[in-house]
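Let's take a walk through this one together. Have the sequence and the coordinates open, and we'll go from confidence to packing to a few individual residues.

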Amino acid sequence: MGALKAQAQTPTFPKTGKNDTIKTYVTVLDGEMVPWIVTEDVNIVDSRIFKSEADRKAFNLLRYNVTKVIPYAHFAGSRYRQLQRDLALTGDKEKQKVLIKACESQIKDMFKKEIQNLTISQGEILIKLINRETDNTTYSMVKELKGGFNAFLLQSAARIFGHNLKETYDRDEQRDIEQILQQAGYDSYRN
C-alpha cells in the first residue's frame with residue numbers, strides 16, 4: 001500500500017549567500033516561486049489609418065481646434081465649481097450676485113480677446129468640452145447664473161452663428177474628440 005499526504009508541500013526557499021543583495025517579494029504558483037516585479041504602466045496605442053488625405057487633414061484640424069480650446073474649458077470648469085462652492089456657502093442674494101459678477105468679469109478679463117477670435121468650429125468644441133467638464137450645458141449654466149431671459153438672448157445669438165448652447169457631450173458620439181483628449185493627457189474633473 002502507498003502512503004498519502006494530506007498537507008500541501010511547502011516550497012523550499014533557495015539558500016542565499018553573502019553577496020545576494022536583491023530582495024523581492026515572491027508568490028508560490030504551482031509549487032514554484034515566482035518573483036514580483038513592479039514595472040511602469042504600458043499604454044498600447046493603435047496607429048490610426050485614414051481612408052483619404054482629406055480625412056487626415058480633417059482629423060489634424062480637429063486636433064488643432066481641440067487643443068486650442070482645452071485650456072478655456074478647463075478654466076471654465078474649475079471656475080464654475082469654485083463659484084458653486086462659494087454660492088453654497090453664501091445665503092445672502094446680494095452677495096451671491098456680487099460673486100457671480102466677479103466671476104463673470106474675471107473670465108471676461110482673462111479670455112475676452114482669445115474667445116472672440118475663436119472660429120465657429122472651435123466655439124462648438126468649447127461648448128461640448130464645457131459640458132464634459134461641468135456636466136451641465138452652457139445654456140443651463142447661463143440660465144442658473146444670469147437668468148432665463150439672458151440665457152434666451154445668448155442662445156438666440158449663438159444660433160445665429162451656428163452654435164447651440166444646449167448641446168451636450170457624448171463620449172461615444174464624439175470619439176475623435178475623446179481620443180484627442182486622451183492622447184493629450186487631458187483629465188477633466190468628472191472623468
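What follows is a short tour of the model, from its confidence to its cores, its main pocket and some single residues.

**How far to trust it**

First things first: this is a predicted model. The mean pLDDT over the protein is 80, and 90% of the residues reach at least 70. Helix by helix, α1 comes out highest with a mean of 87, while α2 sits lowest at 78. As a general reminder, coordinates should not be read in detail where pLDDT is low.

**The cores**

Start with the largest nonpolar core, which has 23 residues. Its best-connected members are Val66, Val69, Ile125, Leu126, Leu129, Ile177 and Leu181. Three helices supply at least two residues each: α1 (53–89), α3 (120–134) and α6 (175–184). Which of them gives the most? That would be α1, with 10 residues.

For a close-up, pick Leu126. Leaving aside residues up to four places away in sequence, Leu126 is in contact with Val69, Tyr72, Ala73 and Leu118. Apart from the largest core there is another one, made of 6 residues, including Ile127, Val142, Ala151 and Leu165.

**The largest pocket**

Now for the open space. The largest pocket has a volume of about 1300 Å³. It is lined by 33 residues, and those closest to its centre are Ile107, Ile115, Thr138, Val142 and Leu154. Val142 turns up twice here: it belongs to the 6-residue core and is also among the residues closest to the pocket centre.

Helices α1, α2 (93–116), α3, α4 (138–146) and α5 (148–160) each give two or more residues to the lining. The biggest share comes from α2, with 9 residues. Keep in mind that α2 is also where confidence is lowest, at a mean of 78. What is the make-up of the lining by class? It has 23 nonpolar, 5 polar and 5 charged residues.

**Some residues up close**

Leu83 sits in helix α1. With a relative accessible area of 2%, Leu83 falls under the 20% cut-off and therefore counts as buried. Beyond residues up to four places away in sequence, Leu83 touches Leu99, Ile100, Cys103 and Leu145.

Gly77 is in helix α1 too. Is Gly77 buried or exposed? It is buried, with a relative accessible area of 0%. With residues up to four places away set aside, the contacts of Gly77 are Glu133 and Thr134.

Thr134 also shows up in the contacts of Met141, along with Tyr80, Ile130 and Asn136, again not counting residues up to four places away in sequence. Met141 itself belongs to helix α4 and is buried, at a relative accessible area of 12%.

Gln182, in helix α6, is another story. Its relative accessibility is 45%, which lies between the 20% and 50% cut-offs, so Gln182 counts as partly exposed.

Here are some C-alpha pairs to check on screen, with how far apart they are along the chain and in space.

| Pair | Apart in sequence | C-alpha separation |
|---|---|---|
| Leu83 and Leu99 | 16 residues | 7.4 Å |
| Met141 and Glu167 | 26 residues | 12 Å |
| Gly77 and Asp176 | 99 residues | 21 Å |
| Gln182 and Asn19 | 163 residues | 46 Å |

The Leu83 row ties in with the contacts above: Leu99, at a C-alpha separation of 7.4 Å, is one of the residues that Leu83 touches.

**A backbone detail**

One last stop is the loop between α3 and α4, where you'll find Asp135. What is the phi of Asp135? It is near 65°, a positive value in a residue other than glycine. For context, most residues other than glycine have a negative phi.

Definitions and conventions: Residues numbered from 1 in each chain as written. Predicted model: local features only at pLDDT ≥ 70, side-chain atom pairs only at ≥ 80, totals over all residues. Heavy atoms only, no water. Core = buried A, V, L, I, M, F, W, Y, C linked by side-chain atoms within 4.5 Å. Buried < 20%, exposed > 50% of the residue type's maximum accessible area, 1.4 Å probe, protein only. Helix = DSSP H or I, 4+ residues; strand = E, 2+ residues; numbered from the N terminus. Contact = heavy atoms within 4.5 Å. 1 Å grid on protein atoms, 1.4 Å probe; cavity = no way out; pocket = protein on both sides within 12 Å on 5 of 7 lines; lining within 4 Å. Points joined across faces, edges and corners; volume = space filled by probe spheres on them. Nonpolar A, V, L, I, M, F, W, Y, C, P; charged D, E, K, R; others polar. pLDDT = per-residue confidence, 0-100.
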